[in-house]
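Me: I should like to go through the assignments in this model and ask what supports each of them. Please set each value against its criterion.

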Amino acid sequence: MTEVFYDPDRMATLYVRADEAARDLASITSQDPAAGDAVVTARTSSVHLTATMLPLIRMIAESDALLSFVLSGLSGGAGPDLGRSLLALAVDILERDDDDAVVALRTALELAGRDRVAMHTFFTGLGGDGVAELLLALGEPDDDDDMEHQLELAVVVRDGLASTTRVSSLPGAFARDLVARMVAAADDEHQNGAIALSFLFDDATFDTGFLVAATESIVDAELSSSPEAPEDGFMLWFATMQMRGPGSVLARALDEEADAGPTSELYRGGDPMYAVMESVARNGEAGRQLFIQAPIAEYLFAQRSWMDDGFRSIADAAETATTGPAVGPGADRKVVDQASTIASAFVNRAGSRGHVMLDDRIYANADVTASVAEIIGAHMSGVKFSLANPEGFTDLGGAVLDVPDDSFGANVHVALFDRESLEVMTDVAVDDEHGVATIRAALDIFHADYAARAVPNIDTFETRDAFVAEAMLESASLEAFFIERAGHRAEVNGRAADRVVTMWVDLASFGADKAAGATGPFAPIITTSLGPIADAITDELATHEAAARRDAEAYAERAARQITYVWYKALYDHGVLVPAILEDLGVAVNGELISWSAFNELDEQVRIRARAVLENSTGSDGFNLDTSTVIERIKTEQLDLYQQLL
Amino acid sequence: MSDPRAEIYRSRARLLRTMADRLETSPLHTLHQWAGTDTWQSPRADQCRDQLSTDRRSLCSAADDLRVTAASFDRQAQELDEAAALAALAAVAVVPRS
């Protein structure tokens, strides 16, 4: 049996030498096909070191018994002593421009990464301004070998800081001091504060508190730089964007795409707000803490320029903050309220930008459309309430309506939208087929959910029949609002409006069939993931050409019947309407009406008969809905719409 | 006279030899000094040492192959030059007398 033995000092040297060998072998390259096998051999040997030997040494180093070997050449063993030793190396780099210290600190930080106390001591000792100072120094161009080492250390410092913020709290002023030092270097020819900040937030996951504090500080700095014209706040970084010369070493860590454009990290690295907002887009709680602050929401949603990424990052961040499981059932009420308020603020404020949101040279693109469609779709109840109010809601800061919610035992906020802004942002949401499909899916879920929740409680309404009839008409109005705008956008974009109408009418309920049925009490936000349903709808549309073409009247008829069927289903499923023959016809199974999609698969004679039964059925306790009148009203409204679009 | 293709072959041969030198002087070849049993002993350390030996042999073998290929490129260059020289002589020989 092999005796287990380690010499910490020799292993530290082995680590450094193996790392050096791996990098050397990985750098061997050739354009000559005759050297192909040799290049592969060199790369394979490099991979053996990086995938086997180096991780093994790191793993051994992280064991308690051998942690001290990290300190080869340093004083101190672990914890605060180790942190102070790391700090001394950083000081050597900053004060004496010591290149050896750059390599030594990287190795030591990599190996000491699991020692939380050491890392905390290191970062608090350095302070936010010290970390900024170190990153700025590492960004200064030097000869090639040194720059490679500088970048490697910068990555280790960034990742170490990110992980330290997640496991232990840094002083409250840390993020603010860091940003302040970076801002001070915004127009430095050699140090580049903007690139350093972009680098810091690119590909790193910071604790929510740190991310929020840093973002607040950047917003403050931008607004302070242009108090009279907040729309020019981004110009704080303009000097960096215009710099010539070799540029920051840290820019090498930003991905460069073939075409400079909105998806290139390097292209937009001169303005750090993009990398910051991409971080916020991965952290919904950070987004809520930021966007619930009216001045920040006003600045970021309505005023600041996002030309370099075409509004993508801010729309993505707003989507993460206002949609998804984190704001659904089981979430804290405060979180749900914040999400509704922010959704309102986003639509109202971004919508106040007007036509620039619809200009494909500025902000109109598929990514923004997808985000806005998700936000509006998730907050469909707010759209319904807003459209029902003829006065509209003009508070751009995030208007909400208090709605009773049994799950919270209190009122919850439902997002309300300014009519004009809602129209602009709805146009953004339906600017392509996937966006239309997302809204279609959201409407299906909303209608089914609303009917399923309302029907069990219709006894509380004095005129139950009238309530249901009114609800059907409201559903139709909501549908009309969206299809009118979707058809209009299709025409503006040179797409066939009849294709949109086909998707809208023929694939109605397709989304609801894909989504889980309504459960539980009223929730202000739809948290079903709409994207996959929208994908399924657009896929279905691609194979839908075989369906018979319809004229406007046929579409209107079908749309009216679909809208009313949602309510029939809720009424039947809850025992308000119970004609037994529906089970015999195969229209109902186990006490529930089949889905609209399944209904349309039935033989036409069966459907005609079933419709006649439903439209003329009377509830056991006298419920009597005159749906033929309602259907005619809906059909007349929809007909006018489809005649314009077809 | 020299065939222009000959210089390309010679240039490729030089680069292959340079790469062979790099493979033979890689820092990997000195790692065994620090990876011995006086540094660490364990089954996985043994595996690392074995892999290291295998990789050293592979690099040396790859360097040898590069040198063989380089030598063949030099030969081809030489043959092209000789052919070019013969062709030049032949051209002189057929020039008509005035």
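Me: How do you know that strand E1 (residues 5-6) of chain A pairs with E1(B)?

Reply: In this predicted model, two bridges join E1(A) to E1(B), and the strands run antiparallel. A pair requires at least two bridges, so the criterion is met. Phe5(A) has Gln41(B) in E1(B) as its bridge partner.

Me: What makes up the side of chain B that touches chain A?

Reply: The contact takes 30 residues from chain B and 30 residues from chain A. On chain B, helix H1 (4-24), strand E1 (40-41) and helix H2 (43-93) each supply at least two residues. H2(B) gives the most, with twelve residues. By class, this side of chain B has 15 nonpolar, eight polar and seven charged residues.

Me: Why does the span of helix H6 (residues 144-167) of chain A agree with the expected value?

Reply: H6(A) has 24 residues, which at 1.5 Å a residue should span 34 Å; the end C-alpha atoms are 35 Å apart, and therefore the two values agree. The buried residues of H6(A) include Leu151(A), Ala154(A), Arg158(A) and Leu161(A). The buried residues of H6(A) pack against helix H4 (99-112), helix H5 (116-138), helix H8 (193-201) and helix H9 (208-225) of chain A.

Me: How do you know that H9(A) and helix H12 (residues 273-280) of chain A meet?

Reply: Leu211(A), Ala214(A), Thr215(A) and Ile218(A) in H9(A) meet Met273(A), Val276(A), Ser279(A) and Val280(A) in H12(A). These residues divide into six nonpolar, two polar and no charged. The axes of H9(A) and H12(A) come within 11 Å and cross at roughly 150°, and the crossing is left-handed.

Me: Why is Asp203(A) called partly exposed?

Reply: Asp203(A) has 17 C-beta neighbours inside 10 Å. A buried residue needs 20 or more and an exposed one 12 or fewer, so the count for Asp203(A) falls in between. Asp203(A) lies in the loop between H8 and H9 of chain A. Phi of Asp203(A) is near 65°, a positive value in a residue other than glycine.

Me: What makes Asn590(A) exposed?

Reply: Asn590(A) has 5 other C-beta atoms within 10 Å. The limit for an exposed residue is 12 or fewer, and therefore Asn590(A) counts as exposed. Asn590(A) is found in the loop between strand E4 (588-589) and strand E5 (592-593) of chain A. Phi of Asn590(A) is positive, near 55°, in a residue other than glycine.

Conventions
Residues numbered from 1 in each chain as written. Chains lettered and ligands numbered in written order. Predicted model: local features only at pLDDT ≥ 70, side-chain atom pairs only at ≥ 80, totals over all residues. Contact = placed C-beta atoms within 7 Å. Helix = DSSP H or I, 4+ residues; strand = E, 2+ residues; numbered from the N terminus. Nonpolar A, V, L, I, M, F, W, Y, C, P; charged D, E, K, R; others polar. Expected span 1.5 Å × (residues − 1). Axes fitted to C-alpha atoms, helices over the stretch in contact; angles between N-to-C directions. Left-handed = near helix turned anticlockwise from the far one by under 90°.
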